[in-house]
Amino acid sequence: MDSLLAQEGVDLDVVVVGNGCTPDQVPDGVKTVALAENVGIPEGRNIGARAVDGELLFFFDNDAVLPHPDALARLAAALLREPALAYAQPRITDPKTNVTVRRWVPRLRVGDPTRPGIVTVMAEGVVMIRRSAFDAAGGWPGDFFLFHEGIDLAWRLWDHGGTGRYLPDIVVHHPATNPARHERFYRLNARNRVWLAKRNLPAPLIPLNLATFVLLALWRMRDKAALRATAAGFREGLRGGHGRRVPMSWHTVARLTRAGRPPIV
């Protein structure tokens with residue numbers, strides 16, 4: 001919070017969302033929303049976005065830190081000078097090792113994490129999004145609870161004509177924790193992968209996307225408990241619950257493919 005309030009060159013309207021708790025030790029001037037139950041990270045972000053004003057929305061995990069006071073101003077400048085840009089993501093590094101882990105680089109070929117460019121997904125925990133684009137896309141997928149909500153929103157931002165940009169010269173710190181530390185990781189990861197496809201893809205691409213996921217899961221996983229949880233989540237996703245289906249246009253499929261990440265992987 002100190003690093004956020006120390007940002008220069010921007011006007012801030014800040015809210016802390018207590019997901020199943022009441023926020024405490026919040027500085028003066030910072031809004032709070034206390035939710036009676038944990039509605040999940042994506043829906044918590046949606047609730048927070050509705051509680052603040054501003055042309056740009058910055059979503060900021062509670063274990064992240066902005067090491068430089070001009071980070072938000074530089075992200076905002078990138079969005080304001082490029083009208084078609086819907087979101088901008090800084091480079092996330094571990095504060096102790098300075099390593100940028102693979103899942104934080106929003107492209108298929110990670111390669112050099114300091115290479116900038118147009119991207120088609122996002123690391124949702126630290127990202128700035130144009131509010132008009134966010135509202136047009138319908139916000140985060142509130143039912144996802146955790147995992148893959150960034151891909152869902154990025155695809156819909158692209159389907160509304162926007163693009164995303166990775167700006168690695170703007171650095172944010174975040175501990176390089178293992179997402180599998182969450183007890184429900186494998187189940188939710190698989191369930192939401194199915195929901196992601198069923199919500200967003202043209203019908204012919206859904207089986208290709210899900211087949212790719214299954215093959216990768218079988219190739220990578222050796223832990224039987226993880227495989228069982230993944231299978232349970234996959235079955236849960238197939239049973240429904242993904243919310244409104246709005247398949248992207250084939251034009252968007254082509255744009256995503258040209259940008260380096262077709263929506264089947």
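# Salt bridges and helix packing in a predicted model

E236 forms a salt bridge with R191, with 3.5 Å between the closest N and O atoms. E236 belongs to helix 8 (residues 224–238) and R191 to helix 6, so this pair ties together parts 45 residues apart in sequence. The structure is a predicted model, and it holds 10 salt bridges. The points below cover some of these bridges, then helix 6, the packing of helices, and a few loop residues.

**Salt bridges**

- R191, the helix 6 partner of E236, counts as buried at 8% relative accessibility.
- Salt bridges with shared partners join R45, D61 and E149 into one network.
- R199 and D152 form a salt bridge in which the closest N and O atoms are 2.8 Å apart. This pair links distant parts of the chain, since R199 sits in helix 6 (residues 185–200) and D152 in helix 5 (residues 149–159), 47 residues apart.
- Both ends of the R199 and D152 bridge are enclosed: R199 counts as buried because its relative accessibility is 12%, under the 20% limit, and D152 counts as buried at 0%.
- E82 and R165 meet through their side chains in a salt bridge of 3.1 Å, N to O. E82 lies in the loop between helix 3 (71–81) and strand 4 (85–93), and R165 lies in strand 7 (residues 163–173), so the bridge ties together parts 83 residues apart in sequence.
- E82 is partly exposed, with a relative accessible area of 24%, and R165 is also partly exposed, at 23% relative accessibility.

**Helix 6**

- Helix 6 has 16 residues. From its first C-alpha to its last it reaches 22 Å, close to the 22 Å expected at 1.5 Å a residue.
- Of the 16 residues of helix 6, 14 are buried, so the helix is largely enclosed by the rest of the structure.
- Salt bridges reach helix 6 through R191, which pairs with E236 of helix 8, and through R199, which pairs with D152 of helix 5.

**Helix packing**

- Two packed helices are described by the angle between their axes and the distance between the axes.
- Helix 6 packs with helix 7 at an angle of about 160 degrees, and their axes are 9 Å apart. An angle over 145 degrees counts as roughly antiparallel, and helix 6 and helix 7 are therefore roughly antiparallel to each other.
- The crossing of helix 6 and helix 7 is right-handed. Their contact is made by N189, A190, R193, V194, A197 and K198 of helix 6 and by I206, N209, L210 and F213 of helix 7.
- Helix 7 (residues 205–220) also packs with helix 8, at an angle of about 170 degrees and with the axes 11 Å apart. That angle makes helix 7 roughly antiparallel to helix 8.
- On the helix 7 side, the contact with helix 8 is made by L210, F213, V214, A217 and L218. On the helix 8 side it is made by L227, T230, F234 and L238.
- L210 and F213 of helix 7 take part in the contact with helix 6 and also in the contact with helix 8.
- Helix 5 and helix 9 (residues 250–258) pack at an angle of about 115 degrees, with 9 Å between their axes. Helix 5 is thus roughly perpendicular to helix 9.
- The crossing of helix 5 and helix 9 is right-handed. W155, W158 and D159 of helix 5 meet T252, R255 and L256 of helix 9.

**Loop residues**

- Most residues other than glycine have a negative phi.
- Q25 is not a glycine, yet has a positive phi of about 55 degrees. Q25 is placed in the loop between strand 1 (15–18) and strand 2 (31–34), and is exposed, with a relative accessible area of 76%.
- F145 likewise has a positive phi, near 70 degrees, and is a residue other than glycine. F145 is found in the loop between helix 4 (131–137) and helix 5.
- G54 lies in the loop between helix 2 (41–50) and strand 3 (56–60). At 39% relative accessibility, G54 counts as partly exposed.
- G54 and P207 are 153 residues apart along the chain, and their C-alpha atoms are separated by 40 Å.

Technical notes
Residues are numbered from 1 along each chain as its sequence is written. This is a predicted model: local features need pLDDT of at least 70, side-chain atom pairs count only at pLDDT 80 or more; totals for chains, interfaces and linings use all residues. Side-chain values use heavy atoms; hydrogens and water are left out. A salt bridge is a side-chain nitrogen of Lys or Arg within 4 Å of a carboxyl oxygen of Asp or Glu. Helices (H or I, at least four residues) and strands (E, at least two) are DSSP runs, numbered from the N terminus. Buried means under 20% relative accessible area, exposed over 50%, partly exposed in between (1.4 Å probe, protein chains only). The expected span of a helix is 1.5 Å times one less than its number of residues. Axes are lines fitted to C-alpha atoms, for helices over the stretch in contact, and angles run from 0 to 180 degrees between N-to-C directions. Angles under 35 degrees count as roughly parallel, over 145 as roughly antiparallel, 65 to 115 as roughly perpendicular and the rest as oblique. A crossing is left-handed if the near helix is turned anticlockwise from the far one by less than a right angle, and right-handed if clockwise. Contact means heavy atoms within 4.5 Å.
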